[in-house]
Number of protein chains: 2
Amino acid sequence: MTSADEPQTGTLAIVGVGLLGGSVALAAKQRGLCRHVIGIGRNAERLQAAVDAGVIDSYATNIADAEPAWNLVVVGTPVDRIVPDVRAIAERSRPGTLITDVGSVKGAICRDLSRGLPDSVHFVGSHPLAGSEKRGFEVATPDLFDGRVCVVTPAASSDAAAVERTISFWESLGSRVVRMVPDAHDVALATTSHVPHVVAAALAAALPESERDLAATGFRDTTRIASGDPDLWVAILLENAAAVEASLDRFDAALGAFREAIRKGDSGELKKHLELAKRSRDALK
Amino acid sequence: MTSADEPQTGTLAIVGVGLLGGSVALAAKQRGLCRHVIGIGRNAERLQAAVDAGVIDSYATNIADAEPAWNLVVVGTPVDRIVPDVRAIAERSRPGTLITDVGSVKGAICRDLSRGLPDSVHFVGSHPLAGSEKRGFEVATPDLFDGRVCVVTPAASSDAAAVERTISFWESLGSRVVRMVPDAHDVALATTSHVPHVVAAALAAALPESERDLAATGFRDTTRIASGDPDLWVAILLENAAAVEASLDRFDAALGAFREAIRKGDSGELKKHLELAKRSRDALK
């Protein structure tokens, strides 16, 4: 915890200024958690546009070129970029810098990054459960994390003060923090996010063009996430393949129970499954 | 078509005053398509509440007791009640009365009702693709059908003037009418509505209680329709079982393609499937 008149962070660096990174920047500025936000990415034109839009204050297109004024870094690049990006920025960071990320998969990333960083620089994994099928800093909002769960996933070797600082940062952005072991996060998210994505995509893929006119709000809601970026999702699904496959097995078993009841015309059995599903869904409201 | 100063319908009867029936009542009154709406149902208390809420003007709790002042009837009862309700109200109706419904399944209903009605009373099936996982006239709105597709499903034997009148009625409520053969409707809706419901229910059913906290907006959207009424959906799924099973086979094949790509770690193949899904979903916007 820091005193009320002093920002927790002087300069916040955001690596990958998209929906999530941009929303962290906006939320941290709006809540007075930092004085300056530097965006780091590859595309100068996009980064300048983010400056013009007031999402970040300055930018660098290369970690090696950036003046390392930051003491907190949020890495918002795709999951297959997080490890090299964290390593690169850790090399440039001053002692005491905390690095976290917003990746949807945590086990392999946290395992890899538990070794080989400079002693005085700390990485603690995070996954804010907020987002959209849309991309880009243009859809970033300062209230994206407000009231949402953020999973923080320390490794066994994580520095205790760095873990506390990570939790405190997300709480300051309005998140409700849930602390989990990285692999347990991946098992849970396979069921709550990755398998729903695959299922929504399969529904969308199985829709014949000739029947598009007859797809109403139910179909649209059920398949909305299938509009997500294919490259991001390839990386997520392959990074978490084992847990996704296991969760798909459980989904198949549940679907099979519905299917069997329909095939047999067993209204009692079908109603039982639909009631269980409704109770589970209603409990989320 | 009727003249602009004369309502198409003197009295509109709504059998089953729920979300859809109530919305038809509100929309028809607001657009001046009728002078009076009589609600017919089983529960006097609910019907009186619908009168008090201004959804209907009067009510009867028994078709046999109702003064048959109507010349248009919309049957909004569950799909397994539509055939007996249409037959009962047809017996009481004056010559020239048009009866339609809002059922989600059409083949068996339209086949059954193509025979045995009084000569001077006409039934034409309808399915407005509008609704919600919520129930009851309390959630009815006069603009529910505005800009939405309504499928009208004449039987081969349907009276041409009655078909035109049905189409004209839904268009007057703001719907875009698509005309289909009843069985073709059922095949298409199996894919665009019934299988998505089963899939959403299976996702919800497969969510362990311990992981509810980690279900964010993606999971919520994907499973929203699983909150639908189990009794309504038992009737729909069993009435359309053959088409639902065939469409589930196509869904399984699509899901299997994603799964195989994940199992093999084939990023190119997985991306191809995700891109196809995204294109299909984006085309709905």
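Let me start with helix α5 of chain B, residues 160-172, which in this predicted model lies across three strands of chain B, namely β4 (72-75), β5 (98-101) and β6, and runs at about 55° to β5(B).

Those three strands belong to an open sheet of 6 strands in chain B, and if you follow the sheet across you will read the order β3-β2-β1-β4-β5-β6, with parallel pairing. The edges are taken by β3 (58-60) and β6 (122-123) of chain B, each of which has a single partner strand, so that one side of each is left without a neighbour in the sheet. Further in, strand β1 of chain B, residues 9-15, runs parallel to strand β2 of chain B, residues 34-40, and 6 bridges join the two. If you would like one pair to look for on the screen, take B:Ala13, whose bridge partner in β2(B) is B:Ile38.

Let me turn now to chain A and its domains. Chain A is divided into domain 1, covering 9-180, and domain 2, covering 185-282, and the centres of these two domains, taken over C-alpha atoms, are separated by 31 Å. Where they meet, 14 residues of domain 1 of chain A are in contact with 15 residues of domain 2 of chain A. On the domain 1 side of that contact, α4 (107-113) and β8 (149-153) of chain A each supply at least two residues, and by class this side has 6 nonpolar, 4 polar and 4 charged residues.

Then there is the interface between the chains, where 72 residues of chain A are in contact with 72 residues of chain B. On the side of chain A, at least two residues each come from β8, α6 (182-205), α7 (217-223), α8 (230-239), α9 (241-264) and α10 (267-282), with the largest share, 15 residues, coming from α6(A). The residues on this side of chain A divide into 43 nonpolar, 12 polar and 17 charged.

Finally, how are the two copies related? Chain A is superposed on chain B by a rotation of 180° with 0.0 Å of shift along its axis, at an RMSD of 0.0 Å, and the two copies are thus related as by a two-fold rotation axis. If you want to place that axis in the picture, the C-alpha of chain A nearest to it is that of A:Thr222, 1.9 Å away. The same surface serves both copies, in that 100% of the contact residues of chain A recur in chain B.

Note on methods:
Residues are numbered from 1 along each chain as its sequence is written. Chains are lettered from A and ligands numbered from 1 in the order in which they are written. This is a predicted model: local features need pLDDT of at least 70, side-chain atom pairs count only at pLDDT 80 or more; totals for chains, interfaces and linings use all residues. Domain bounds come from an automatic or database domain assignment. Two residues are in contact if their C-beta atoms, placed from the backbone, lie within 7 Å. Helices (H or I, at least four residues) and strands (E, at least two) are DSSP runs, numbered from the N terminus. Ala, Val, Leu, Ile, Met, Phe, Trp, Tyr, Cys and Pro count as nonpolar, Asp, Glu, Lys and Arg as charged, and the others, Gly among them, as polar. Two strands pair if DSSP finds at least two bridges between them. Axes are lines fitted to C-alpha atoms, for helices over the stretch in contact, and angles run from 0 to 180 degrees between N-to-C directions. Copies are superposed by least squares on the C-alpha atoms of residues with pLDDT of at least 70 in both.
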